[in-house]
Amino acid sequence: MKKRTLVLFKRLRLVSQAVFLAVFVYTFIRSLDPFSVVENPFLRFDPLIFLTNPRPDFYLVAPIAGLIVLTLVFGRFFCGWICPLGSLIELSDSIFSFPRKTNPAAIHASPQSFLVRFPPALVVLGAVVVSLFTSTSLVPYFHPNVWIVRILSRSVLGFAFLGLVLLSSIFGRRMWCVYICPLGALYGVLSRVSFLRLTIEKCSRCKACDRCPMQAADFRTREILPHQCIICFDYEKTCPVEGFRYGAVAKAGGSSFDPSRREFLVRGAGLLGGAMIGGVLASLGAISGPGAPKAGRLPFSQGPTVSATTLCRPPGVVDEAAFLRRCVRCLHCVQSCPNGIIEATGLEAGFTSLFTPHLRFDKNGCDYRCQVCQLVCPNQAIPLQTLAQKQLTPIGLAVIDQKKCVVYTDKKPCLVCQEVCPIPEKAIVFAREERMRRASGPFVLRYPTVVRERCIGCGACQAVCPAEKVAITVSRNA
Amino acid sequence: MGADREFGIELRAGTHYHHAMTRREFLKAAIASSFYLAARRVFPASLVTRPDVGIAGGADYQKAVTKAIDLLGGITAFVRPGDTVVVKPNIGWNVPPELKATTDPIVVRTIVHLCFQAMASKVYVFDRSVANSRLTYVTSGIQKAAEEAGAKVFHVDEITDAMYKRISIPDARYLKESLINRYVLESDVFINVPIAKSHALAGLTLSMKNLMGVTGDQRGKWHWQIDDALADINRAVKSKLVLIDASSVMLRNGPTGGSMSYLKRLDTFIAASNVVSADVEAARLFGRSAEDLPYIMEGAKDGVGKASGYSVQRSSA
């Protein structure tokens, strides 16, 4: 390839990375405005996330299929050209290039290293794929772009991850991409059979390509590891003899068959091992924690899995098991909820519910006409409903504690819960009325009560209850 | 502007009949008008008796609102050049305008327009919504309408010292002291623009109850003594001009509503110079008397306004 073309491609790649990173940040910022909701395309059009909630939607399947076809043609281009986390890591790598070069503990793995040829990412990928079929998906913890949302959300978790990324730059380049990323591993597996590949044609054995951030080029065997090569075109300055060629690969002869077969076996073993680890982790997660659902089993092995959780989920979530499988814990809904009532769950409901969203009605209720969480959810873990459906789907049920409600305890006229109830025909009605007198004259005391059939558990009443100890609370499975 | 308009009408009436005018008529008219103009200069407003309440109707909200205020002497009777004005609509709920849980945006826009025609220096529009104001301001259409008319619209949900000031209310029945919005306290004119709706606890929510939106207090507990609380807050914050939006009134399941079937179309607007008289007139549209609504009577007792014996002027068109 001509040098000028190489430079052009390299610049194009930088532009592409900048554009996609900007798109990511832009969609995130837009998602904070309740009246201009845009979905995050990086989480929506993603093969791994798609597997957690496969649905026959052409506009969803087509872009993902497109990504896979492009990978089968060009190789693992996603990581070098699109992936926002990849771009972020590259940025961090260049910032920390000096400390890395002077760091005696820096990792100088070579393409011949076992960890590069058969990266742990394959194990992660295996574990992630198996966990898709259990209640405890591992996708949320290993998906690169979910982490970016968490970083942009300025969550503690996100900053911890960012810290790890920055730290890893001191020890080596693209460490996440080479060793851990399951999405990269997936594209890597696909690019084993890609049509276009990078090959070494001439070599002066200068070892310059040891600088490859993905450690994909091995001058000793004149081999490029296709599952690690991210088509970065950064080699133009590096190679003194301009010995690289990117193009259609010749049909593999008999000589290269044996090693690839052996590699296939090792790779398969890695995936299988990961699968087993995934299965074990998933079952461990399912039985841990007091509020963990009795799921954790494979969906085809048992009947309907009934959740034992009492957490109020975002509106529209009815099937708890499906929700747990689909939720990628990206916390987009937590960030976008205009009422700020969606919170990330900690370990209190078990590992299965870790980082899933739940509702708190201390300060606000779920607005009757708001669907922001449903719209931003990239995976429809919070199902996208029509507004009319949403207004009929219960989140929970409000219950009045007559020992706390001031109407029952002190005969004070208070109907704040009834006032704010957004159900048109009001889910809070009057159990009975009583004629009373006080200094300013007669008045009618009305005792509030909840109509179970009407209440959708939006929590507006709980948020405004003026009693010292809140007398009306919403809970699930009440 | 009201006075100028009357002046203009006098002149135009004169020119219109010019060809038919005899000398005697001319002299009469000239003397009468010179007396009138002289009197206006000496006793600018006191000579002209204004009604306490003006009621106008019509499907064109902009015209009807302007007409209702004109019956009280026009906006210039309330807003003077250079004044800062707070327009306080009901933006309490995240409900689209056609369901009439919030003041109609056209009404708000019209009033902001009128204020600027009277050469107000600044017009502020806000409400401390019950629902999330980031949603209510947009859904109600009020933010857009008011900003298009040139008003400054902002959120007052954060209870800060910069936004609210604690005042004490002497001889209060319930609210000995209250946090009141500084813009309300420090502006020259406070215009109260509620929408008339049903309300289970208070009976109806009209202009007196609209003042729930100028406080920074925990409003929940007010409801335990709502009649006293409303009388107190209305004594502390005077509404110089009231305009009740009764274009379509919510007859039941207020104040949130949520169905067109709860609404009754009246195409009516009530302007008033005090909240009590305004609320009494608005209550009559629901077929209720002031005696049904204790907070109105308490307000009248406290001298906030007249619950009876006030003057009303209606415009048929």
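Is Asp302(B) buried, partly exposed or exposed? I began my notebook with this residue, and I found that Asp302(B) is partly exposed, its relative accessible area being 25%. I note here that I am reading a predicted model, and that the values below are computed ones.

**Entry 1: the surroundings of Asp302(B)**

I looked up the partner of Asp302(B) and found Arg173(B), the two side chains meeting in a salt bridge with 2.8 Å from N to O. Arg173(B) sits in the loop between β5 (164-168) and β6 (177-181) of chain B, while Asp302(B) sits in the loop between α10 (294-301) and β12 (312-315) of that chain, so the salt bridge ties together parts that lie 129 residues apart in sequence. I also checked the accessibility of the partner, and Arg173(B) counts as partly exposed because its relative accessibility is 27%, which falls between the 20% and 50% cut-offs. Following the shared partners outward, I came to one network of salt bridges that joins Arg173(B), Asp228(B), Asp232(B), Arg235(B), Glu298(B), Lys301(B) and Asp302(B).

**Entry 2: chain B as a whole**

I then stepped back to chain B, in which I find ten helices and twelve strands. Of the 317 residues in chain B, 56% are buried. When I took the contacts in chain B between residues at least 6 apart in sequence, 72% of them turned out to join residues at least 24 apart.

As one residue to follow in this chain I chose Val87(B), which is found in strand β2 (residues 84-89) of chain B. Val87(B) has a relative accessible area of 0% and is therefore buried. What does Val87(B) contact, leaving aside its neighbours within four places in sequence? I listed Ile111(B), Cys115(B), Val123(B), Tyr124(B), Val125(B), Phe126(B), Ile191(B) and Val193(B). For one of these contacts, Val125(B), I looked up the spacing as well: Val87(B) and Val125(B) are 38 residues apart in sequence, and 5.0 Å apart in space from C-alpha to C-alpha.

**Entry 3: where chain B touches chain A**

My next entry concerns the interface, where 31 residues of chain B are in contact with 30 residues of chain A. The two chains bury about 2500 Å² between them, and 53% of that area is on carbon and sulfur atoms. Which three residues supply the most of the area that chain B buries against chain A? They are Arg134(B), Leu135(B) and Trp224(B), which supply 27% of that area, more than any other three residues.

I counted polar contacts next, and 14 residue pairs are in polar contact across the interface of chain B and chain A, with both residues at pLDDT 80 or more. On the side of chain B that touches chain A, α5 (133-139) and α8 (226-236) each supply at least two residues, and α5(B) gives the most, with four residues. Sorted by class, that side of chain B has 13 nonpolar, twelve polar and six charged residues.

How many salt bridges does the rule find across the interface of chain B and chain A? There is one, and I traced it to Lys221(B) and Glu468(A), whose closest N and O atoms are 3.0 Å apart. The pair crosses between chains, from Lys221(B) in the loop between β9 (203-205) and α8 of chain B to Glu468(A) in the loop between α22 (460-464) and β10 (472-475) of chain A. Lys221(B) counts as partly exposed because its relative accessibility is 30%, whereas Glu468(A), at 68%, counts as exposed.

**Entry 4: two charged sites in chain A**

Over all chains the structure holds 33 salt bridges, and in chain A I looked up the one in which the side chains of Arg13(A) and Asp234(A) meet at 3.1 Å, N to O. This pair links distant parts of the chain, with Arg13(A) in helix α1 (residues 3-30) and Asp234(A) in the loop between β3 (223-224) and β4 (244-248), 221 residues apart. Arg13(A) counts as buried at 1% relative accessibility, but Asp234(A) counts as partly exposed at 23%.

My last site was Asp46(A), found in the loop between α2 (41-44) and α3 (47-52) of chain A. Asp46(A) is buried yet has no salt bridge, and the nearest side chain of opposite charge, that of Arg55(A), is 11 Å away. I did find that the side chain of Asp46(A) reaches the backbone nitrogen of Leu48(A) at 2.9 Å. Beyond its neighbours within four places in sequence, Asp46(A) is in contact with Ile64(A), His143(A) and Leu183(A).

Terms used:
Residues are numbered from 1 along each chain as its sequence is written. Chains are lettered from A and ligands numbered from 1 in the order in which they are written. This is a predicted model: local features need pLDDT of at least 70, side-chain atom pairs count only at pLDDT 80 or more; totals for chains, interfaces and linings use all residues. Side-chain values use heavy atoms; hydrogens and water are left out. Contact means heavy atoms within 4.5 Å. Buried area is the accessible area (1.4 Å probe) that two parts lose on being put together, summed over both. A salt bridge is a side-chain nitrogen of Lys or Arg within 4 Å of a carboxyl oxygen of Asp or Glu. A polar contact is a pair of N or O atoms within 3.5 Å; within protein, one must be able to donate a hydrogen and the other to accept it, and residues adjacent in sequence count only if both atoms are side-chain atoms. Ala, Val, Leu, Ile, Met, Phe, Trp, Tyr, Cys and Pro count as nonpolar, Asp, Glu, Lys and Arg as charged, and the others, Gly among them, as polar. Buried means under 20% relative accessible area, exposed over 50%, partly exposed in between (1.4 Å probe, protein chains only). Lys and Arg count as positive and Asp and Glu as negative; His and the chain ends are not counted.
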